[in-house]
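Work through the following exercises with the sequence and the model side by side. Try each task before reading its solution.

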Amino acid sequence: MTAAMDLNASPVPEEDEDPFEGHLEDFPAQEERVETAVDIARREREERKRRLKRERPDERSVYVSPSPGFDQLFQTKSLKSYDRSRLPPGWLDCPSFGQEIFCMIPSKVPLGESFNDCVAPGKRYSFKQVIHQQRVLGRKLGLVIDLTNTSRYYPVSDLKKEGIKHVKIQCKGRASVPDNLSVNQFVHEVTQFLSRQKHSKKYILVHCTHGHNRTGYMIIHYLMRAMSMSVTQAIKIFSDARPPGIYKPDYIDALYTFYHEKKPDMVVCPPTPEWKRSSEFDLNGEAMPDDDDDDGMPGPALDEDHETDVLMTNDDVLGDEIPNDQQDSFRQFCYQSLKLGAGGRGHTQFPGSHPVSLNRENLQLLRQRYYYATWKADGTRYMMLITMDGCYLIDRSFNFRRVQMRFPCRGTNDVLAEKTHHYTLLDGEMIIDTLPDSKKQERRYLIYDMIAINHISVIERPFYERWKMLEKEVIEPRNWERHNIYQSRNPYYRYDMEPFRVRRKDFWLLSTVTKLLTEFIPKLSHAADGLIFQGWDDPYVPRTHEGLLKWKYPELNSVDFLFEVDDDGEKLFLYERGKKKLMEGNRVAFKDGSDPSFYSGKIIECSWDSDNQEWELMRVRTDKSTPNEFNTFKKVMRSIRDNITEDVLLNEISEIIRLPMYADRIRIDSKAHHHTNAARRR
């Protein structure tokens, strides 16, 4: 008996996300004209020109070279190097600090005693004044986060004497927003500091040069990740506490872009404060370079949001780096969820479940246990950790990188949940779909297993339960919120701006394997190189899972070697018990005529050429930092020798599904699928 294949997953990417533009009409545009960031900049420039003409009527305009040549850079450097006690422009009249924002106090940079000759006694603002002023307000400082791009403003020893921790996160000012690694470090430092407070409440002083743009940018990032709010709400909280808030349009635009939100028309960037409008202009009315602690070097321009036709590949690096101690704590959570000890190599080994190659011996497992099948996508393996402050992709080197994604928890009675997943650990693979008509590429994460949900490990539950939980707890809440986004707490969030789409990977009855191979895989919009056989009742087994089987098309069976070239020639290495093992007698051919030395020190995936009895280069594995284990090599070689072709596999499966164990369950599962599909149609 052969059950009909359940085609609930199309091989062509489904339109699983509505285009955002279709909903824009729900928000009518403002009738009054809103002054844009460009208008503001143009208006301020004209005001400066008019003021200069009034103040300097006798001066003529001079030619300024459009290219920043050597002389220009030298003059800028010289200006800064000879006068390190020069006050930052606008610092004197800039308000010292703002109101507290969840234990964070935004502030301009306190200046050390070396600046006293430049500052009148009533205008001084050093850490001595800072500590005194905050103490009068009943606040005790425990941490200072310094975002300036220099160390010239004050000696850190001023803080150490008071027992105050100082964290330096060097960020360029001017036209560049802080980079994403710096943002991740800031959020982590604040989170760790606040979580460690037990008895006495301490506060954090956050400062850049003036305490507005970089400081606001960082504090808003923390608010977005620690609490459930929109960018607009977070910007208002900061501007209320530190008027006028962020006054650089590019910073505000970058926040909306980063968190995938559409900026409402009502949000207008405030003009540059009067105290910051430097009196030092060139003769064309342009502001002179503000020595905003860039130590003489101009900051890089902001990335413009241009659409490009860059080809996506599986080697692309996704996401942003995170601090090492944050990564260590995440690794520890993964090991705890998988109930693993640290072992000899500590928490540095990727703990995800790995299948073994199908051979004639383990093929018999399909007769002993109930299995389902799915296609083996030729993508990039990632585990995924979802927390309330971000989503983290975990690569084969067990490194974590943050991506901005949204995963709401399941609500009740068709009501959107207010919470997002926190410490939910998934397993899956990233693929690149090429749409058949437009040839447009789309990145998609196929989730096929769940390890933990909201801190609770589920590895001992049978696979079919974990697989159902993926749909109920992860996929459905995302789809529900996406289709009802204007009923959510943040109606401006745009799922279509996320770096990739997400769906659950489908598994089918063994009775559908023929259709899977002959109909489904050929129509896929991404590469596939075989099948995976998953025990339906299996727990999640970390690392090598002898019961999780992979069958690859014979010509695609492969091994990942470490390739090295030295004075003795070319060498292939595997790992055995964590150490390099030289594979003597094995050689690799480079059919494209490329120079072997180019691949030295890299992990290369190779297939076996039985005619020439040698390995042939397939690709460089940029997603891996170590070669296969020697045991994996032996299993692949056995699979190659056993030579289980597609015909052999299909003949075996046709016999297996006639066994009473399969025949009964296939009949039951087929009925369940029909009922489910009927319910969906209703």
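**Exercise 1.** Is Glu 476 buried, exposed or partly exposed, and what is its relative accessible area?

*Solution.* This is a predicted model, in which local features need pLDDT of at least 70 and side-chain atom pairs count only at pLDDT 80 or more, while totals for chains, interfaces and linings use all residues. Residues are numbered from 1 along each chain as its sequence is written, and side-chain values use heavy atoms, with hydrogens and water left out. Buried means under 20% relative accessible area, exposed over 50%, and partly exposed in between (1.4 Å probe, protein chains only). With a relative accessible area of 35%, Glu 476 is partly exposed.

**Exercise 2.** Find the salt bridge that Glu 476 forms, and place both partners.

*Solution.* A salt bridge is a side-chain nitrogen of Lys or Arg within 4 Å of a carboxyl oxygen of Asp or Glu. Glu 476 forms one with Lys 472, and their closest N and O atoms are 3.9 Å apart. Both residues belong to helix α11 (residues 463-483), where, being four residues apart, they are separated by about one helical turn. Lys 472 is partly exposed too, at 42% relative accessible area.

**Exercise 3.** Which parts of the chain does the salt bridge between Arg 367 and Glu 652 tie together?

*Solution.* The side chains of Arg 367 and Glu 652 meet at 3.1 Å, N to O. Arg 367 lies in helix α10 (residues 365-368) and Glu 652 in helix α14 (residues 646-656), so the pair links parts that are 285 residues apart in sequence. Helices here are DSSP runs (H or I, at least four residues), numbered from the N terminus.

Technical notes:
Helices (H or I, at least four residues) and strands (E, at least two) are DSSP runs, numbered from the N terminus.
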